[in-house]
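Work through the exercises below with the sequence and the model side by side. Each one sets a task and then solves it in steps.

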Amino acid sequence: MDCPRFPRLPHLRRWRWLAFSLCAAGCTHPMAEYESYGPTASPERSQSASEIARVGHTVEGPAELPPAAQGPHEVPITLDTVLRLAEQHNARIGLAREKLNESELSSEAAGSWLPKTYAGVAYYRHEGGIQNFDGTLIHSSTGALFPGVQLQSELDLREAAFQRVSAERQIWQSKGELSQVSNEVLVEAASAYVDLLTAQRGEALMNELEKYERKLLKRAEDVLADEPSAKVMVEGLRATLANRQVGTSRLRQQGNAASAKLVYLLGLPPDAQLVSLDRALAPIELVDPTPPTLELVALALSSGPGVRELEAILTVIQGGIDQASGPMRLLPNFQANVYEGAFGAGPGDAMRWDNRLDVCVQARWDLTQLVTARTRKRLAESKLQQAHLNYDDLRGKLTAGVQESRDAILKTREQINHAAEQVRAASENYRLSDLRLAKGAMGANTSEVLAAIRGLEQAHFNYVQSINTHNKAQVRLLLLLGQPTATGACHP
């Protein structure tokens, strides 16, 4: 099916299907329900992927939320909503759009062929010597008054061609800047959203693990009543709990920082409270990374952010150089001046009136331009070379970005599978260790259970970090390709 398009930036505005893609591809990942393993599972986290899709993404997040529909401070968001809000309301993108609008208006003003028209009054007064028509010096006293209208027009085909090329180049440059800024802001916004989900998931895990450690501390304190030697064990567990609370506070701080950054990037009021509708941190599949690297690179180099704009700039500059080197350089400038109005003149202060019309048409060659033509051509060639270097640099960045993102997606897929297995095994290890200690099995001790909790923490950390890296790489690759194909979502 065709992706829905937005009226501006069609190669970037295809986010309506991302929410569906998030569930259809991400929530059905083989390891997406790993949380049902072991003691960290909860009824909310262990629900099926279809239920998550039904509950979390039935309602598409609106780009503009009516105040009456939600609380004055709460803003529900998804990845789809984040990308759309950032594109529509971010100040940096808005500034780039306004610069593009300025370039277009300047181009319209520069292309106007209307002659300059003036209306006014001129008064002339002469006293003293003046030369007669036969060369003799005479004394005269005259005055003249000339209210009228002047039309002045100058046609310089070479300058007009230069201004047209310059205006067109400026428009494409503004479009390229808009494309680059949009890409950067959307990557920042998506990364901040993924970081927010990661921090929230990490904080929930820390709270869950803290319950296990408090349960262990309670057992140690019960032992301490009969065995004073257990004092060392109790103090060690209290230190572990204090460290856990520090980690939880740090994750909460990271989540608040990601939320504050998102509020800025989305152009929301500072008191907005972001509420994520994504109920689980799961891998998302927005782009299929399995095609060969060269195929993805070719797609990025043909439709990636800024590519078409730079190609257009190269074409415009080269066309301007070709025009300046052709027969147009020999054309003259044409100028026409028309004055008409009432003209009053006479000796002294006396005046007689009549209509006066003065017309002047001339063609002239600017010899200075002919002398400096070589220098101006070298200047244009320098601009062309700069555009070529910018184009080569952009192609290199796109190539490196596609390679890095594709490799990150493929490698984190493996890491997610291994980390999910690690979570399952660590959860089972904790369950068995806790059961052994509860039943007083031979060799069971608090250190064994505490080590199992730490292993479970590390397993969850590996899983969450792998998903974080995977999802960010998916968004980067999506934006680098310009017109990607999302698995299970839509095709361009």
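The model shown here is a predicted one.

**Exercise 1. Describe how helix α5 crosses helix α9, and state which residues make the contact.**

Step 1. The crossing of α5 and α9 is left-handed. The residues that make this contact are R158, Q180, Y212, K215, L216 and R219 on the side of α5, and Q369, L370, L394, Y430, D434, L437 and A438 on the side of α9.

Step 2. Sorted by class, the contact of α5 with α9 comprises seven nonpolar, two polar and four charged residues.

Step 3. For the geometry, take helix α5 as residues 157–224 and helix α9 as residues 367–439, which pack at an angle of about 15° with their axes 14 Å apart. Because angles under 35 degrees count as roughly parallel, α5 is roughly parallel to α9.

**Exercise 2. Determine whether α5 and α8 are roughly parallel or roughly antiparallel, and list the residues through which they touch.**

Step 1. Helices α5 and α8 pack at an angle of about 170°, and their axes are 9 Å apart.

Step 2. Since an angle over 145 degrees counts as roughly antiparallel, α5 is roughly antiparallel to α8.

Step 3. From α5 the contact takes A161, R164, V165, E168, R169, W172, Q173, K175, G176 and S179, while α8 supplies E309, A312, I313, V316, I317, G320 and Q323. By class, the residues of the contact of α5 with α8 are seven nonpolar, five polar and five charged.

**Exercise 3. Find the aromatic pairs of the structure and classify each as stacked or edge-to-face.**

Step 1. The structure holds two aromatic pairs. In one of them, the rings of F146 and F343 have their centres 5.7 Å apart and their planes at 80°, so this pair is edge-to-face.

Step 2. This pair links distant parts of the chain, with F146 in strand β3 (residues 137–155) and F343 in strand β5 (residues 333–347), 197 residues apart. Both F146 and F343 are buried.

Step 3. The rings of Y212 and Y430 have their centres 4.8 Å apart and their planes at 25°, so that pair is stacked. Because Y212 lies in helix α5 and Y430 in helix α9, the pair ties together parts that are 218 residues apart in sequence. Y212 and Y430 are both buried, and each takes part in the contact of α5 with α9.

**Exercise 4. Compare the surroundings of R244 and L224: which residues does each contact, and is each buried or partly exposed?**

Step 1. R244 belongs to helix α6 (residues 231–265), and with a relative accessible area of 4% R244 is buried. Apart from its neighbours within four places in sequence, R244 is in contact with M206, L209, E210, E213, I453 and E457.

Step 2. L224 belongs to helix α5, and at 23% relative accessibility L224 counts as partly exposed. Apart from its neighbours within four places in sequence, L224 is in contact with A230, K231 and V234. The C-alpha atoms of L224 and V234, ten residues apart along the chain, are separated by 7.7 Å.

**Exercise 5. Identify the buried residues of helix α7 and name helices that cover them.**

Step 1. In helix α7, which runs over residues 293–303, the residues L296, V297, A300, L301 and S303 are buried.

Step 2. The cover over the buried residues of α7 includes α8 (307–324), α9 and α10 (446–481).

Notes: Residues are numbered from 1 along each chain as its sequence is written. This is a predicted model: local features need pLDDT of at least 70, side-chain atom pairs count only at pLDDT 80 or more; totals for chains, interfaces and linings use all residues. Side-chain values use heavy atoms; hydrogens and water are left out. Axes are lines fitted to C-alpha atoms, for helices over the stretch in contact, and angles run from 0 to 180 degrees between N-to-C directions. Helices (H or I, at least four residues) and strands (E, at least two) are DSSP runs, numbered from the N terminus. Angles under 35 degrees count as roughly parallel, over 145 as roughly antiparallel, 65 to 115 as roughly perpendicular and the rest as oblique. A crossing is left-handed if the near helix is turned anticlockwise from the far one by less than a right angle, and right-handed if clockwise. Contact means heavy atoms within 4.5 Å. Ala, Val, Leu, Ile, Met, Phe, Trp, Tyr, Cys and Pro count as nonpolar, Asp, Glu, Lys and Arg as charged, and the others, Gly among them, as polar. Rings of Phe, Tyr and Trp (its six-membered ring) pair if their centres lie within 6.5 Å; planes under 30 degrees apart count as stacked, over 60 as edge-to-face and the rest as tilted. Buried means under 20% relative accessible area, exposed over 50%, partly exposed in between (1.4 Å probe, protein chains only).
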